[in-house]
Amino acid sequence: MSKYLEEAKTFRNSQERHYNCAQSVLIPFAKEAGLDEEKAYKIASGFGSGMKTGKVCGAITGGAMALGLLGLDTPDNMQALFREVRQRHEDQTDCKDLLALNAKKGGEKGPHCDNMVYEVISIVEGLVNKSSQV
């Protein structure tokens, strides 16, 4: 298991503090870029639950923020992030649509959101690894 994924799982399972999807994706990468956890937590606080409006999934937004923080927010990387999520989720990227699709399949919200975090971490980590090979 990657260090990013391991840390995200710790955040998602925390009983002491709630970490939304954006925070759970951003913070593991932010620390590596020199941004402390508390600042990253605050920066991403308004991006959970699709910016608290059901729009773009917070995990995806956290991934986009991580790519930006690492200097990897190229058009190709941003498109790759969205393309991979859309391919896995019937072309959906908005929180409300992803949740509706999950519910239609009989899934519960908590595990679905956890899995979105873990998927996006995996995608971003792949893009980070790819960029370090160039």
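Which residues does Asn77 touch, not counting residues up to four places away in sequence? In this predicted model, the answer is Leu67, Leu72 and Leu127. Let us start there and then work through the rest of the structure.

## Asn77 and its surroundings

Asn77 is found in helix 6, which covers residues 75-88. Its relative accessibility is 12%, and because the cut-off for a buried residue is under 20%, Asn77 counts as buried. Leu72 deserves a second look here: its backbone oxygen lies 2.8 Å from a polar atom of the Asn77 side chain. Leu72 is thus listed among the residues that Asn77 touches and also offers a backbone oxygen to the Asn77 side chain at that distance.

## Helix 2, an enclosed element

Helix 2 runs over residues 21-32, and 10 of its 12 residues are buried, so the rest of the structure largely encloses it. The buried set is made up of Cys21, Ala22, Gln23, Ser24, Val25, Leu26, Ile27, Pro28, Phe29 and Ala30. What do these residues pack against? Their partners are helix 1 (3-12), helix 3 (37-43), helix 4 (48-54), helix 5 (58-69) and helix 8 (109-132).

Both ends of this helix have something to show. At the N-terminal end, Asn20 acts as a cap, with a side-chain oxygen 2.9 Å from the backbone nitrogen of Ala22. Just after the helix, Gly34 adopts a positive phi of about 95 degrees.

## Phe29 and the aromatic pairs

Within helix 2, Phe29 is a good residue to follow. At 1% relative accessibility, Phe29 counts as buried. Leaving aside neighbours within four places in sequence, Phe29 is in contact with Tyr4, Ala66, Leu70, Ile121, Val124, Glu125 and Val128. Ala44, by comparison, is 15 residues from Phe29 in sequence and 13 Å from it in space, C-alpha to C-alpha.

There are three aromatic pairs in the structure. In one of them, the ring centres of Tyr4 and Phe29 are 4.1 Å apart and the planes meet at 15 degrees, so this pair is stacked. Because Tyr4 belongs to helix 1 and Phe29 to helix 2, the pair ties together parts that are 25 residues apart in sequence. Tyr4 is buried too, with a relative accessible area of 7%.

Phe11 and Tyr19 form another stacked pair, with 4.4 Å from centre to centre and 25 degrees between the planes. Phe11 and Tyr19 are both buried. Ring pairs also bring in Tyr41, linking Phe11, Tyr19 and Tyr41 into a cluster.

The two stacked pairs described above can be set side by side:

| Aromatic pair | Centre to centre | Angle between planes |
|---|---|---|
| Tyr4 and Phe29 | 4.1 Å | 15 degrees |
| Phe11 and Tyr19 | 4.4 Å | 25 degrees |

## Val128, a contact of Phe29 in helix 8

Val128 is located in helix 8. Is Val128 buried or exposed? With 14% relative accessibility, Val128 counts as buried. Apart from neighbours within four places in sequence, Val128 is in contact with Phe29, Leu70 and Leu72. Leu70 is 58 residues away from Val128 in sequence, yet the two C-alpha atoms are 8.4 Å apart in space. Leu70 is also among the contacts of Phe29, and Leu72 is among those of Asn77.

## The largest pocket

What volume does the largest pocket have? The value is about 220 Å³. Of the 15 residues in its lining, those closest to the centre are Cys21, Gly48, Ser49, Lys109 and Cys113. Helix 4, helix 7 (95-104) and helix 8 each supply at least two lining residues. Helix 8 gives the largest share, with four residues. Sorted by class, the lining has seven nonpolar, five polar and three charged residues.

## Positive phi outside glycine

Ser49, one of the residues closest to the pocket centre, is found in helix 4. Although Ser49 is not a glycine, its phi is positive, at about 55 degrees. Its relative accessibility of 44% makes Ser49 partly exposed.

Glu90 is another residue other than glycine with a positive phi, near 50 degrees. Glu90 lies in the loop between helix 6 and helix 7.

Methods:
Residues are numbered from 1 along each chain as its sequence is written. This is a predicted model: local features need pLDDT of at least 70, side-chain atom pairs count only at pLDDT 80 or more; totals for chains, interfaces and linings use all residues. Side-chain values use heavy atoms; hydrogens and water are left out. Buried means under 20% relative accessible area, exposed over 50%, partly exposed in between (1.4 Å probe, protein chains only). Contact means heavy atoms within 4.5 Å. A polar contact is a pair of N or O atoms within 3.5 Å; within protein, one must be able to donate a hydrogen and the other to accept it, and residues adjacent in sequence count only if both atoms are side-chain atoms. On a 1 Å grid over the protein atoms alone, a cavity is a set of points where a 1.4 Å probe fits but cannot get out, and a pocket is an open set with protein on both sides within 12 Å along at least five of seven lines; lining residues have an atom within 4 Å of a point. Grid points are joined across faces, edges and corners, and a volume is the space filled by probe spheres set on the points. Ala, Val, Leu, Ile, Met, Phe, Trp, Tyr, Cys and Pro count as nonpolar, Asp, Glu, Lys and Arg as charged, and the others, Gly among them, as polar. Rings of Phe, Tyr and Trp (its six-membered ring) pair if their centres lie within 6.5 Å; planes under 30 degrees apart count as stacked, over 60 as edge-to-face and the rest as tilted.
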